[in-house]
Amino acid sequence: MTDPGLNVIMSERRQLLNLAYRLLGSLAEAEDAVQETYARWYTLSPEQREAIEVPGAWLTKVAGRICLNLLGSARARRERYVGDWIPEPLPEVAEGDPADRVTLDESVNMAFLVVLESMTPAERVAFILHDVFRYPFAEVADIVGRTPAACRKLASSARRRVREARTPPPTAARQSAVVRDFKRAWEAKDIDALIGLLDPDATATGDSGGLATLVAGPHEGAERLAGGIVDLADRLADLRLLERTVNGQPGLVAEKDGVVVTVFAFEIADDRIRRIWAVRNPEKLRRWTEGDVLRAGEDGHGS
């Protein structure tokens with residue numbers, strides 16, 4: 001017999017996935033957390049499930065607690081991680097189950113996710129639940145295991161971190177133009193053009209997880225970065241650069257023999273690139289090689 005509430009329960013999946021990705025910065029971990037949430041629902045007896053007045057609220061509470069626990073253990077895992085850890089980049093998908101998609105808004109851009117990584121697990125959960133998903137502090141408190149007043153302070157502290165790190169982004173059209181100019185300058189090995197597109201104090205961070213090679217540092221300063229990019233272009237002439245949406249913002253991917261080997265995300269301010277994040281860990285690029293990445297607009301964007 002089919003569970004009469006199955007459609008209601010499964011309709012929460014996308015919301016749970018969106019919440020878990022923002023809390024964990026990893027789609028793979030988010031999917032595991034959502035799966036565990038549903039597993040706990042189905043370990044309840046029919047009577048227990050029937051007694052739950054708002055299944056969506058129950059699922060959110062359980063998912064939030066699972067993510068909170070995962071964030072605590074993730075800190076220890078990331079201390080053992082080889083090199084820098086960057087949140088898993090998300091492509092724009094062309095097809096598939098809408099319930100498996102993360103909404104690509106400003107709360108998933110790479111700069112925002114990187115700031116979230118600097119927060120304590122409790123700060124991150126309180127902030128995301130309240131400021132992004134608009135849960136009242138009474139409900140946040142039930143998930144975090146603190147008082148509503150304590151959760152209000154956690155969210156306030158997190159909000160301050162975001163405010164201090166955030167710079168007003170240019171329009172999407174301007175961001176696209178800067179990324180396109182950067183791509184062209186890279187392909188042309190035009191070091192002066194690259195320097196002009198980079199903030200004088202620009203930084204670049206790479207994430208290989210020890211599973212791919214990374215260019216040796218230092219990765220800061222416009223001139224050093226531009227020189228490193230030109231050296232990279234000389235050594236990796238077989239790479240193909242493509243403009244793609246990365247976490248909802250203009251970015252680049254590098255393909256080799258038709259396979260995505262690096263995803264680049266950018267933070268742009270005052271029409272200059274301030275931060276570059278290069279994800280090379282193949283475990284974080286699976287979504288980019290599964291054939292569900294939008295190919296729209298590829299013509300004219302290849303190298």
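The paragraphs below lead through the overall make-up of this protein, its aromatic pairs, one residue of strand β4, and the spaces enclosed or left open by the chain.

The model is a predicted one, and in it the protein has twelve helices and five strands. Of its 303 residues, 48% count as buried. When contacts are restricted to residues at least 6 apart in sequence, 66% of them join residues at least 24 apart.

The aromatic side chains offer a way into the interior, and a search of the whole structure finds five aromatic pairs. In one of these, the rings of F112 and F127 have their centres 6.1 Å apart and their planes at 35°, and the pair is therefore classed as tilted, since stacked rings have planes under 30 degrees apart and edge-to-face rings over 60. F112 belongs to helix α6 and F127 to helix α7, which spans residues 121-132, so this pair ties together parts that are 15 residues apart in sequence. Both partners fall under the 20% limit for burial: F112 is buried because its relative accessible area is 7%, and F127 counts as buried because its relative accessibility is 5%.

A second pair, formed by W186 and F264, has another geometry, being edge-to-face with 5.3 Å from centre to centre and 80° between the planes. Here the pair links distant parts of the chain, for W186 lies in helix α10 (residues 172-188) and F264 in strand β4, with their positions 78 residues apart in sequence. W186 and F264 are both buried, and they also belong to one aromatic cluster together with F182 and F266. A further arrangement involving an aromatic ring is found at W85, where K284 lies over the face of the ring at 3.9 Å from its centre.

Strand β4 can be followed further through V260, which is found in this strand. V260 has a relative accessible area of 8% and is therefore buried. Leaving aside neighbours within four places in sequence, V260 is in contact with V253, A254 and E255, and also with L285, W288 and T289. For V260 and T289, a separation of 29 residues in sequence goes with a C-alpha to C-alpha distance of 6.2 Å in space.

The same strand takes part in lining the spaces within the model, both closed and open. A search of the whole structure finds one cavity of 30 Å³ or more, and about 30 Å³ of space lies in this largest cavity. The cavity is lined by N109, M110, V246, Q249, P250, A265 and F266, and the elements that give two or more residues to this lining are β3 (249-256) and β4. By class, the lining of the largest cavity has five nonpolar and two polar residues, with no charged residues. F266 thus appears both in this lining and in the aromatic cluster described above.

Turning to the open spaces, the second largest pocket holds about 330 Å³. Of the 19 residues that line this pocket, the closest to its centre are N109, A111, R166, T167 and P169; N109 is also among the residues that line the largest cavity. At least two residues of the pocket lining come from each of α6 (110-117), α9 (148-165) and β4 (259-269). By class, the lining of the second largest pocket has nine nonpolar, six polar and four charged residues.

How values were computed:
Residues are numbered from 1 along each chain as its sequence is written. This is a predicted model: local features need pLDDT of at least 70, side-chain atom pairs count only at pLDDT 80 or more; totals for chains, interfaces and linings use all residues. Side-chain values use heavy atoms; hydrogens and water are left out. On a 1 Å grid over the protein atoms alone, a cavity is a set of points where a 1.4 Å probe fits but cannot get out, and a pocket is an open set with protein on both sides within 12 Å along at least five of seven lines; lining residues have an atom within 4 Å of a point. Grid points are joined across faces, edges and corners, and a volume is the space filled by probe spheres set on the points. Helices (H or I, at least four residues) and strands (E, at least two) are DSSP runs, numbered from the N terminus. Ala, Val, Leu, Ile, Met, Phe, Trp, Tyr, Cys and Pro count as nonpolar, Asp, Glu, Lys and Arg as charged, and the others, Gly among them, as polar. Rings of Phe, Tyr and Trp (its six-membered ring) pair if their centres lie within 6.5 Å; planes under 30 degrees apart count as stacked, over 60 as edge-to-face and the rest as tilted. Buried means under 20% relative accessible area, exposed over 50%, partly exposed in between (1.4 Å probe, protein chains only). A charge sits over a ring if NZ of Lys or CZ of Arg is within 6 Å of the ring centre and within 35 degrees of the ring normal. Contact means heavy atoms within 4.5 Å.
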